[in-house]
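Colleague: I'm new to this one and would like a close look at a single part rather than a quick tour. Could you pick a spot in the loops, take me through it slowly, and then show me how it fits with the rest?

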Amino acid sequence: MIFCKKTFLLACMALTTSQILFGQQKNIYHKGWVDFNKNGKMDVFEDPSKAVELRIKDLLSQMTLDEKTCQTATLYGYGRFLKDEMPTAEWKTKIWKDGIANIDEELNSLAYNKKAVTTYSYPFSKHANAINTIQKWFVEETRLGIPVDFTNEGIHGLCHDRATPLPAPINIGCTWNRELVYKAGSIVGREARALGYTNVYAPILDVARDQRWGRVVECYAEDPFLIAELGKQMTMGIQDQGAAATLKHYAVYSVPKGGRDGNARTDPHVAPRELHQMFLYPFRRVIQEAHPMGVMSSYNDWDGEPVSGSYYFLTELLRKQYGFNGYVVSDSEAVEFLSSKHHVAGDYKEAVRQVIEAGLNVRTQFNMPDTFIMPLRALVKEGAVSMKTLDERVGDVLRVKFKLGLFDRPYVEDPGSADRKVHTKADEEIALQLNRESMVLLKNDKGLLPLDISRYKNILVTGPLAEEVNYTTSRYGPSNNPVTSILEGLKTYAKDKAIISYEKGCEVIDAKWPESEIIPAELTKAEQEQIQAAVVKARNADVIIAVVGESDQQVGESKSRTGLNLPGHQLLLLQALYATGKPVVMVMVNGRPLTINWENRYLPAILQAGFPGPSAGKIVAETLFGDYNPGGKLSMTFPKSIGQIELNFPFKPGSQAGQSKKDDPNGTGKTRVLGALYPFGYGLSYTTFEFSNLQVGPQQVHAQGDVQVSVEVKNTGQRKGDEVVQLYLKDEVSSVTTYESVLRGFERVSLEPGESKTLKFILHPDDLALLDKNMNWTVEPGRFQVMIGNSSEDIRLKKEFTVVEPGVILK
């Protein structure tokens, strides 16, 4: 079982010395156990020494229909649905008088929601005590005392007032650093438990394949292997601290038709083999290797079948094939969509029946839990849902609560320690390092970067994102942390060393955006004056730092885009600055790949900052002036035009090829722009690296055998730096068309000038497997090519090995 191993008596003493609101007259707290059902004896479900499955069976046998159905719904916390910060006498008249599955985002002072602001979120110890108060009400004031699972978001760091802020997931993906991601997960999990949360909705394992999609910023990558590796570390980091990790969004959520989000959110065009090899791959691997306790079902369909109402997705795949044994919570409105959007259910009650039969455990939606619980009760009474099915769904929820230790230690045992455990100095350093390692250097002509501050005494900072900070704080992350803008960070760094002047230059968008994505809008007089003011200051500067890109108003949930150029008149600003003849360093704040073609051709230096956390200004300054050498790599392909989409890694042979230039009876042509602007895995450094001595063995291997790979990497430059060594695998001949190559290994390594290191990789049968003609995972005989490079296109070394006999892989 997963729980903190502090003495149980301390917690009991802390709680029984003061009856917080509704304390029972009878003491239910005993040495080593709690009398949840208040019958004066230790039942099997109350006995910590009994097996979890026995405890579940015993508790289910004591539960009424009302109590069981209450374990199938979420109660949204204060400021979302709950109107009371603390339990009141009226709670005894509410549906949760018989318990509730979970309470989401309770008293967290949710970002961007003034209704959720509460005095109980901070100090941290005050929140831990408040959660204990609420948990105490459910333990003592409901008949069976079933504890609540307190859930919260956690993809940017824990979604709580002043918790440790992490950069956006797309930045985390650009670190390619497993160890650092595990540490980040550990911070999220530890802070959750210290504050009283027991279940964290993270990580997001969506495979982001359409750069227009608004939630690209919340995904690690476009590649399933990279997502699986980082998602596994985040999951283990959270759960090793005693909190449940709930994976999002299962499944095929990240490729709505045409990248359209908002009211669309349906109709992914994904073939069956691609479904499993691409979009389900991260979920399967993370479930089987990290054993998360939660999965969130998505509200889209696949091949006409809504996922949240699909027995195939929620039971056949998730539980029977992948071995998941936690509970499935719906994404908000997923249940309602079965009738309101997908129209596979005639009414909402029928939608409830379908999701329960499919395998959904808990409905989450921004309204009363009654709206799900009451139709479910009616369905059971009518015989439309069997008690056996209901017991299975409730049993999964109870299993997680037992694994979390809620039936043994239901309270935060040392609330006062939360002030010492949440957002520590060490946590802040890890968050800073995540931000540093997420910086990606895209261009650096003639070594302009790092800037020599002794040479550039007059620096102009311009651009609409220089002072902006809204992108550092996410709806799904911490609130109320101090933020350093990029302008402020540069000023602080250059203090007493150089003169920093500032002129905004333009706004992020123009007055006619997003229409100006398709019909360019003329500059207004005010906009002309803004650009001209920046140009005037640029003429007196030694170097220009232009901070451009997107804010959180153009990126995020329901914010898909029609185009991918810099929005508004930012390109016109850059062109006017370039025309001054002064060197222009472009710092790009972006939550998705952008089609920065002119910028890449003409500007000498481009640094992708992405959506970093509140330390944005400090990190960008360190990187531009050379205190930190950027080593991040792109986790998504940058297309040159939206007309190239889909353009990603991995891809099928010939699917992203050029056009024939020779005489060909089937035709020749020169009608389109070819190739990526920046490929998957790309990123420059202030130093150089050399790869050598690639070893692959054995040269012949059976289908169930492992292949050992080693390679030497050396820093051949003058600065300490990080390189991400990437291992790609090519199946040279296969029974079905598979990807041109696939990522199957990577390692981020930091090297001093002249230092070298030998890196070792192991290729397992799973890494070689494909779905054959019969849709079985199989390692086929034949030649495989191991390729080592520092991007998907920059391959430096190659060697082959041969599989000598086939084998079926059980997954």
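**A close look at a loop serine and its surroundings**

Modeller: Let's start with Ser438: leaving out residues up to four places away in sequence, Ser438 touches Asn171, Cys174, Thr175 and Gln608. Before going on, keep in mind that this is a predicted model. Where in the chain does Ser438 lie? Ser438 belongs to the loop between α16, which covers 425–437, and β12. Is Ser438 buried or exposed? The relative accessible area of Ser438 is 1%, and anything under 20% counts as buried, so Ser438 is buried. There's also a polar contact to look for: the side chain of Ser438 reaches the backbone oxygen of Asn435 at 2.8 Å. Asn435 itself falls within the range given for α16, 425–437.

Now walk along the chain past β12, which runs over 440–444. The loop that follows, between β12 and β13 (458–462), is where you'll find Pro450. What kind of peptide bond leads from Leu449 to Pro450? That bond is cis, and its omega is near 0°. As background, most peptide bonds are trans. Pro450 is buried as well, because its relative accessibility is 17% and the cut-off is under 20%.

Which residues does Pro450 contact, once its neighbours within four places in sequence are set aside? The list is Thr623, Leu624, Phe625, Gly626, Tyr686 and Arg719. Try Phe625 on your screen: Pro450 and Phe625 are 175 residues apart along the chain, yet their C-alpha atoms are separated by 4.9 Å.

Ile453 sits in that loop between β12 and β13 too. With a relative accessible area of 17%, Ile453 counts as buried. Apart from residues up to four places away in sequence, Ile453 touches Tyr493, Ala494, Lys497, Ala498 and Phe625. Phe625 therefore turns up in the contacts of Pro450 and again in those of Ile453, with the burial of Ile453 at 17% alongside. For Ile453 and Tyr493, 40 residues apart along the chain, the C-alpha atoms are separated by 9.7 Å.

For a second cis bond, go to another loop. Tyr250 and Ala251 are joined by a cis peptide bond with omega of about 10°. Ala251 is in the loop between β7 (244–250) and α8 (272–279), and Val252 has its place in that loop too. What is unusual about the backbone of Val252? Val252 is not a glycine, but its phi is positive, at about 55°. Most residues other than glycine have a negative phi. The relative accessibility of Val252 is 2%, so Val252 counts as buried.

Compare that with His343, which is not a glycine either and has a positive phi of about 60°. His343 is in the loop between α11 (334–340) and α12 (348–358). Here the relative accessibility is 59%, and over 50% means exposed, so His343 counts as exposed.

One helix residue also belongs in this picture. Gln239 lies in α7, which spans residues 224–239. At a relative accessible area of 7%, Gln239 is buried. Its side chain reaches the backbone nitrogen of Ala245 at 3.0 Å, and Ala245 is within the 244–250 range of β7.

Finally, step back to the whole protein. The protein has 22 helices and 28 strands. Its radius of gyration is 28 Å, close to the 28 Å from the globule rule for 811 residues, so the protein is as compact as a globular protein of that length. Along the principal axes, the C-alpha atoms fill a box of roughly 85 × 65 × 55 Å. Of the 811 residues, 62% count as buried. Contacts like the one between Pro450 and Phe625 have plenty of company: among contacts with a separation of 6 or more, 79% come from residues 24 or more positions apart. As for the outside, the protein exposes about 29,800 Å², with 49% of that supplied by carbon and sulfur atoms. There are 94 positive and 99 negative charges, and their mean positions are 2 Å apart.

Notes. Residues are numbered from 1 along each chain as its sequence is written. This is a predicted model: local features need pLDDT of at least 70, side-chain atom pairs count only at pLDDT 80 or more; totals for chains, interfaces and linings use all residues. Side-chain values use heavy atoms; hydrogens and water are left out. Helices (H or I, at least four residues) and strands (E, at least two) are DSSP runs, numbered from the N terminus. The radius of gyration is taken over C-alpha atoms; the globule rule is 2.2 Å times the number of residues to the power 0.38. Buried means under 20% relative accessible area, exposed over 50%, partly exposed in between (1.4 Å probe, protein chains only). Contact means heavy atoms within 4.5 Å. Accessible areas come from the Shrake-Rupley method with a 1.4 Å probe; for residues, only the protein chains shown count as cover. Lys and Arg count as positive and Asp and Glu as negative; His and the chain ends are not counted. The place of a charge is taken as NZ of Lys, CZ of Arg, CG of Asp or CD of Glu. A polar contact is a pair of N or O atoms within 3.5 Å; within protein, one must be able to donate a hydrogen and the other to accept it, and residues adjacent in sequence count only if both atoms are side-chain atoms.
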